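I opened this notebook to record what I looked up in the structure. The entries follow the order of my queries.

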Amino acid sequence: MRRTEPLPGEPKGSPARKWIVALVIVAVVGAAVWKIRGNTKEQNNVQMMMAAQADRPTPVQVSAVQQKTMPIFLTALGTVTAYNTVTIKSRVDGQLMQVPVREGQAVKQGQMLAEIDPKPYQAALEQAQGQLLKDQANAVNARAEAARYTALLQAGVTSKESQQAQISTAGQAEGSVAADQAAIEAAKVNLGYTKILSPINGVVGLRQVDPGNIVHATDTNGLLVVTQLQPIAVIFTLPEDQLPEVLKRTRAGDKLVVEAYDRADATHLASGSLLTIDNQIDTTTGTVKAKAVFENRDGALFPNQFVNVRLILQEKKNAVVIPATALQTGTQGNFVYLLKQGEPPANLVEKKSDGPPMIELPENKTNYYVEAQTVNVELTEGTQVILNGGVKPGDQIVVDGQEKLKNGSKVFPRTAPAKAADKTTAELGMASEAAGRPS
C-alpha cells in the first residue's frame, strides 16, 4: 500500500515554495538586466551629449593685427614737484595789518600778499629827509666859508692852515649830505618791505600767521607759501643701465617726450618734455634722477602726487602690433591663434575613436576655425607687442578665450572692444608728434 502522509520532519508545501523562490530569482535577475541596460543607454546618451558639447564651437573675441607708429618708451615712478616754491617771510619787524589774498588763490607776480604796519618806517623816512635838509644847509655854509678863507689866503690875511680847515669842514658837510641820502634810500627800502609782493606766479597755500600778530624778520616760519603749478615738474628715477640711451638722444638735441599717468597706470594725465638729467648716479640704488616739465594747463598734476612716467625714446614707424593678451607660449615658442574662415583642414581635425554617432546641434554650425601661428616677438611695450614676422596687418587673431582652444578648433568670433591700452598707445603717438612739431 502507497504512503500518502508526509514523513515526520518533512516540510509541507515544498514544491510551491520552490516555485516561489525560482520566481523571485528570475525577477531579481530581470530587474538587474533591465537596470544595466538602462544605465548603458543613459551612459551612451551622456557620452553623445558630451561629445556634442566637446565639438561645440568656442566663443572667442578677435582683434585685427595693426600696423602703426609705435612709441618705444621707458617706465618709471615719479613724484610731482612744484616748479618753484617760495616761503613768504617778512623782511622787517612790525604788526601784520592785512593779508589781501585768500588761501588757495592763484596770484600773479608782483601782486600784494601781505602788509606790515608802514607808519614806523614812514616816520623814519621823513626823519632822514629832514636830516638831509639840515645837512645840506650846513654844507652850503661850509662851502661858502671855505671860499672866503681861500680868498683871504690869497690876500695874505689868513694862514694856510685856517683855509685848509675850512675846506675840510666843507668836505665833511658834503659827506653828511651823502650819508643822509643813503639813509633816505634805506628808509624807502624798509618802507617798501612793508608791502610783501608775490615773487612768482603761483597758488597761495595755507596762511601761517593771521593779521594782527607781530612778525619779525628773524621768524623761522613764513607767513605763507606760494607754489608755481604752471608749469610744474616731475622728478623720477631711471636705472643706470638705461642712462646711456637717454644721454645719447639728449646730447644729439632730441626733445624727449614724457607722459604722466595715474597710480593705476591707466589714465593719461599730462604730456611734457625731459628737462635735465642729474649730474651723478646714486650708488645706493644704482639710479639717476631726471626732471621733466609739464605745462599743466588743466591742473591735472599736483605737488607731491605720485605718477607713472613714460619716457619716449623713439617712434617705430610701420610696426606690426598685437595686444599682449593675444600672445601665447608653447613648445613651439610664441604663437597666436589666427582666425580662418571655412572648415578646418583634415590634418588639423582630431580623429575620434569609434563610438556613438555624433549629434550635430544647430549651434555647432560655424564657418570659422583657428590655426596656431608661430610669431617672432621683437619688443613688448606695456600692453602692446611688436612683431617682426608670423602675421600681417589686417589678420584677425584671438585675444580672449584661448584657454579652450587648440589647433583647428571651431570658434564663434566676436570683435573685441577697443582696449584702454590701444587708446593709450594712440595718445602717446599723438603726444610725440606734437612735441616734435615746431612751436
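Entry 1: packing of helix 4. I began with the buried residues of helix 4, working on a predicted model. These residues pack against five strands: strand 2 (66-88), strand 9 (224-239), strand 11 (268-277), strand 12 (287-294) and strand 13 (306-323). I then asked which residues of helix 4 (residues 243-251) are buried. I found Leu243, Val246, Leu247 and Arg249 in that class. They lie on the same side of helix 4, because the arc they cover around the axis is only 165°. I also looked up the face turned away from this buried side, where the exposed residues Pro244, Lys248 and Arg251 are carried. Just after helix 4, I noted that Gly253 takes a positive phi of about 90°.

Entry 2: an open sheet. I next asked in what order the four strands of the open sheet are arranged. The order is 6-5-3-8, and I recorded the pairing as antiparallel. Strand 6 (195-197) and strand 8 (214-215) stand at the edges; each has a single partner strand, so one side of each is left without a neighbour in the sheet. For strand 8, I looked up the pairing with strand 3 (residues 94-98), which is antiparallel and runs over two bridges. In one residue pair that I checked, Gly94 has Val215 of strand 8 as its bridge partner.

Entry 3: a nonpolar surface patch. I asked which residues make the nonpolar surface patch of about 320 Å². They are Val21, Ile25, Val29 and Val33. I followed up one of them, Val29, and located this residue in helix 1 (residues 14-54). Is Val29 buried or exposed? Neither class applies: with a relative accessible area of 47%, Val29 is partly exposed. I note that a residue must exceed 30% relative accessible area to enter a patch, and the 47% of Val29 is recorded here for that reason.

Entry 4: the whole chain. I closed with totals for the protein chain. I counted five helices and 20 strands. Of its 439 residues, 34% count as buried. The chain exposes about 26900 Å², and carbon and sulfur atoms supply 53% of that area. I also looked up how far apart in sequence the contacting residues lie. Among contacts between residues at least 6 apart, 80% join residues at least 24 apart.

Notes: Residues numbered from 1 in each chain as written. Predicted model: local features only at pLDDT ≥ 70, side-chain atom pairs only at ≥ 80, totals over all residues. Heavy atoms only, no water. Patch = residues over 30% accessible without salt bridge, like charges linked within 9 Å, V, L, I, M, F, W, Y side chains within 5 Å. Areas by Shrake-Rupley, 256 points an atom, 1.4 Å probe, with all protein chains shown as cover. Salt bridge = Lys/Arg side-chain N within 4 Å of Asp/Glu carboxyl O. Buried < 20%, exposed > 50% of the residue type's maximum accessible area, 1.4 Å probe, protein only. Pairing = 2+ DSSP bridges. Arc of directions from axis to C-beta. Contact = heavy atoms within 4.5 Å.
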